[in-house]
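Colleague: Could you take me through how the chains pack against each other here? I would like to go interface by interface.

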Protein chains: 10
Amino acid sequence: MLFQVKMTVTIPAHLASGEFDSLKKLEKARAQELQIAGVWRHLWRIVGNYANISVFEVTNGEELHEILSTLPLFPYMNLEVTPLCRHPSSIEARG
Amino acid sequence: MLFQVKMTVTIPAHLASGEFDSLKKLEKARAQELQIAGVWRHLWRIVGNYANISVFEVTNGEELHEILSTLPLFPYMNLEVTPLCRHPSSIEARG
Amino acid sequence: MLFQVKMTVTIPAHLASGEFDSLKKLEKARAQELQIAGVWRHLWRIVGNYANISVFEVTNGEELHEILSTLPLFPYMNLEVTPLCRHPSSIEARG
Amino acid sequence: MLFQVKMTVTIPAHLASGEFDSLKKLEKARAQELQIAGVWRHLWRIVGNYANISVFEVTNGEELHEILSTLPLFPYMNLEVTPLCRHPSSIEARG
Amino acid sequence: MLFQVKMTVTIPAHLASGEFDSLKKLEKARAQELQIAGVWRHLWRIVGNYANISVFEVTNGEELHEILSTLPLFPYMNLEVTPLCRHPSSIEARG
Amino acid sequence: MLFQVKMTVTIPAHLASGEFDSLKKLEKARAQELQIAGVWRHLWRIVGNYANISVFEVTNGEELHEILSTLPLFPYMNLEVTPLCRHPSSIEARG
Amino acid sequence: MLFQVKMTVTIPAHLASGEFDSLKKLEKARAQELQIAGVWRHLWRIVGNYANISVFEVTNGEELHEILSTLPLFPYMNLEVTPLCRHPSSIEARG
Amino acid sequence: MLFQVKMTVTIPAHLASGEFDSLKKLEKARAQELQIAGVWRHLWRIVGNYANISVFEVTNGEELHEILSTLPLFPYMNLEVTPLCRHPSSIEARG
Amino acid sequence: MLFQVKMTVTIPAHLASGEFDSLKKLEKARAQELQIAGVWRHLWRIVGNYANISVFEVTNGEELHEILSTLPLFPYMNLEVTPLCRHPSSIEARG
Amino acid sequence: MLFQVKMTVTIPAHLASGEFDSLKKLEKARAQELQIAGVWRHLWRIVGNYANISVFEVTNGEELHEILSTLPLFPYMNLEVTPLCRHPSSIEARG
């Protein structure tokens, strides 16, 4: 099943920048691992914002929540989750 | 350049349904033509809504506006356009 | 997979009331059919509003969209779809 | 009487994480106690968010407020309370 | 149980004014009947708006929905329902 | 003159809890004093929220502002003030 | 007592323009009558909008509602009423 | 030229109250100086809020920004600026 | 003085398309006349929307309101007016 | 390609003012460098707010994001990015 997820990061004032940088490294590694696995299918930066628009392909909501809630930056992100499905005019095989 | 476009359709009460159906056919044909051309790169239906989330790859804003404003359903759609760019953690070749 | 769907109905001024009443009968029959099938698992009225809060159990977004978009009142409803999953503190077997 | 309650948790920056973890344990125990008592009838996680959608069956507003305002995480939660009632199309015995 | 209900009326353009006036008379009669019965406990006009703030005392949500949804002006009103309960600092006997 | 005031309290993270508790005691005493004086005519708790809905009867805005801005919890409250007046369908003597 | 009232006019599509013009004439006459009486103390146009910001001095909410609800354009206006009072830094005699 | 400015003050938690009080004294002196000069033409308190509605008469935006951005409380205020002009129904000489 | 004006057009369902097209021609002629006069300094289309972002240089609010309120499409536009002034970091001569 | 960017600065409470002043100097130098290069084409202050409206001319979203995300004040700014294109009524050569 497909979900669009808009992730907006708020840099925590109380966290040392070094600590936040290492979280960002972990986040990048995890994101690339999930993209290679075909779960995190698209990841785009929103121009001018510390935010991204992503598309996930997962079996169900459980799996998506498990992935999102264990992302290193999860405590510092606002997430908007929109369930998607195949559009009747789409020519994409996997939709 | 990449843009996400969220399109929400409002069915016009004053239009005969037959007229609206033919507009929808034109819209579908145009959408598939643009997908084949690689311009309309993704088209997903938002579950439960007469709305879609699309991703366009165009040269610039002029080209995107020309495409969107000449869609048959344009007068009956609310469009939210979000400029995207490559995310540093993305592994997609074309981003 | 579980989804909460909030449905708010707007009575169309341009539709004859008889026509709207028959749509409502069709809607009720379809809703009860889906409840019996275990798909539409909960259906509550929001006090004071022509709106309801429902919980659906479906295989994926495709199936939910197919159900919602073919409801007789779909053209006159605003739908907010929220994907749900099992809460770690829930004691419900089926979650 | 039925109420839907949407609970969104904001992790307090000024609280030691150990302190917050113990609050979470108390919250889970209390939630399961109320579910067993049949008061907290449904508890679902909103996918991708530190939030849940719950349904409570109580005698009146007093009882619900007493329950919600004494939840261990109450000071760190934003609560949206929506009164529900039986829908004319519902086939659920207890509604 | 106590509920605050904010009612905002939108005068329907498609309804003949005579028809709307008679609805308003029915609405007034019903409102006074419910006030005499002690159900509609308070009814105030919001200054400058075709809207009111009311407080109802009912057994449960079912009863309130039955009352509100059968008000003559119900199809032309937007209702916001807020459940109330006794405040610990209140000195009112009936709260 | 009648005003509805919705008061939403935000517990300040930087204040010692003991200090906040004593403010709450002062607030309760002041609220009861004003209720006895017939100025603070109604005080209800909004179910599930650290907020209340109150109705004040005062001579004018000056008097109401003096009362509200000198409440012990004023610095930690968000106040929404709505001017009320007698509704033509109200049967309440004092309106 | 002082109130600010923001009035935003929506030109009704179903009304003949001649009919609306005559309502506007009545509105202007009434506005000037109230200004001369010292009740409608200030009336400014919001640049670029069919809207105004006004300040009224009245005895109470009853009087203000009577004035506003009998304005010829009342059915076609959205009104936001804000109660004002004397500011401690104001040097205006009448506040 | 006339501008309405709505100023909402947020008391900074990190500032010592003594420091904030002295800022308030400076603010009051500056406000009265500008009122005497005929620039700050109206200053009203919004009932129940640490906020005011003001009207300024200035030559242009530059002048207004210079005044507002150098107010002692500027860093702790949210300002909404609305350009005004003479209303065709106004009888005020200076508009 | 500089103002940004965001103009969003809503195509009126009740107007014959021919009538609306002639209004658009008048609008274009007027817009170009004002640009040549140096009053309408910038005019950009918002990609994907029947809306524009413009910058006007006028003497005061009166002049801007006169221009905007007499635009042929004024009755079918929602206008957001933002007063601008010279930015301390700007290198533009005319600001 | 043209973009409008609205930048709203929030002064961080946890940053020493000296540190913030030096960031502001760096920001000014960078802004003027980009204006000279013809990339940052317009920069206006929003009257009464610590915010500006700017227009950028860049090749694509990548370039704009690179510029915005490396501005010294980026961590303390909320940015709204609106893609623009040539308006059919514009007489500007470069649009």
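Colleague: How many residues of chain I are in contact with chain J, and how many of chain J with chain I?

Modeller: Bearing in mind that this is a predicted model, 29 residues of chain I are in contact with 29 residues of chain J. The two chains bury about 2,700 Å² between them, with 63% of that area on carbon and sulfur atoms. On the chain I side, I:Trp44, I:Arg45 and I:His87 supply 24% of the area buried against chain J, which is more than any other three residues.

Colleague: What rotation superposes chain I on chain J?

Modeller: A rotation of 180°, with 0.0 Å of shift along its axis, superposes chain I on chain J at an RMSD of 0.0 Å. That is the relation of a two-fold axis. The same surface serves both copies, in that 100% of the contact residues of chain I recur in chain J.

Colleague: And how many salt bridges and polar contacts are there between chain I and chain J?

Modeller: The rule finds 0 salt bridges across the interface of chain I and chain J, whereas the count of residue pairs in polar contact, both at pLDDT 80 or more, is 15. Strand 1 (2-9), helix 1 (17-36), strand 2 (40-46), strand 3 (51-57) and strand 4 (77-86) of chain I each supply at least two residues of the side that touches chain J. The largest share of that side, 6 residues, comes from strand 2 of chain I. By class, the side of chain I that touches chain J has 14 nonpolar, 10 polar and 5 charged residues.

Colleague: Which strand of chain J is joined to strand 2 of chain I by bridges?

Modeller: Strand 4 (residues 77-86) of chain J is joined to strand 2 of chain I by 3 bridges, and the two strands run antiparallel. Within this pairing, I:Arg45 has J:Cys85 of strand 4 as its bridge partner.

Colleague: Changing topic, what is the area buried between chain J and chain H?

Modeller: About 620 Å² is buried between chain J and chain H, and carbon and sulfur atoms give 67% of it. J:Val47, J:Gly48 and J:Asn49 lose the most area to chain H, together making up 67% of what the chain J side buries. The contact takes 7 residues from chain J and 8 residues from chain H. Across this interface of chain J and chain H the rule finds 0 salt bridges, but 3 residue pairs are in polar contact, both at pLDDT 80 or more.

Colleague: How far apart are the nearest C-alpha atoms of chain A and chain H?

Modeller: Those nearest C-alpha atoms are 14 Å apart, and chain A and chain H do not touch.

Conventions
Residues are numbered from 1 along each chain as its sequence is written. Chains are lettered from A and ligands numbered from 1 in the order in which they are written. This is a predicted model: local features need pLDDT of at least 70, side-chain atom pairs count only at pLDDT 80 or more; totals for chains, interfaces and linings use all residues. Side-chain values use heavy atoms; hydrogens and water are left out. Copies are superposed by least squares on the C-alpha atoms of residues with pLDDT of at least 70 in both. Contact means heavy atoms within 4.5 Å. Buried area is the accessible area (1.4 Å probe) that two parts lose on being put together, summed over both. A salt bridge is a side-chain nitrogen of Lys or Arg within 4 Å of a carboxyl oxygen of Asp or Glu. A polar contact is a pair of N or O atoms within 3.5 Å; within protein, one must be able to donate a hydrogen and the other to accept it, and residues adjacent in sequence count only if both atoms are side-chain atoms. Helices (H or I, at least four residues) and strands (E, at least two) are DSSP runs, numbered from the N terminus. Ala, Val, Leu, Ile, Met, Phe, Trp, Tyr, Cys and Pro count as nonpolar, Asp, Glu, Lys and Arg as charged, and the others, Gly among them, as polar. Two strands pair if DSSP finds at least two bridges between them.
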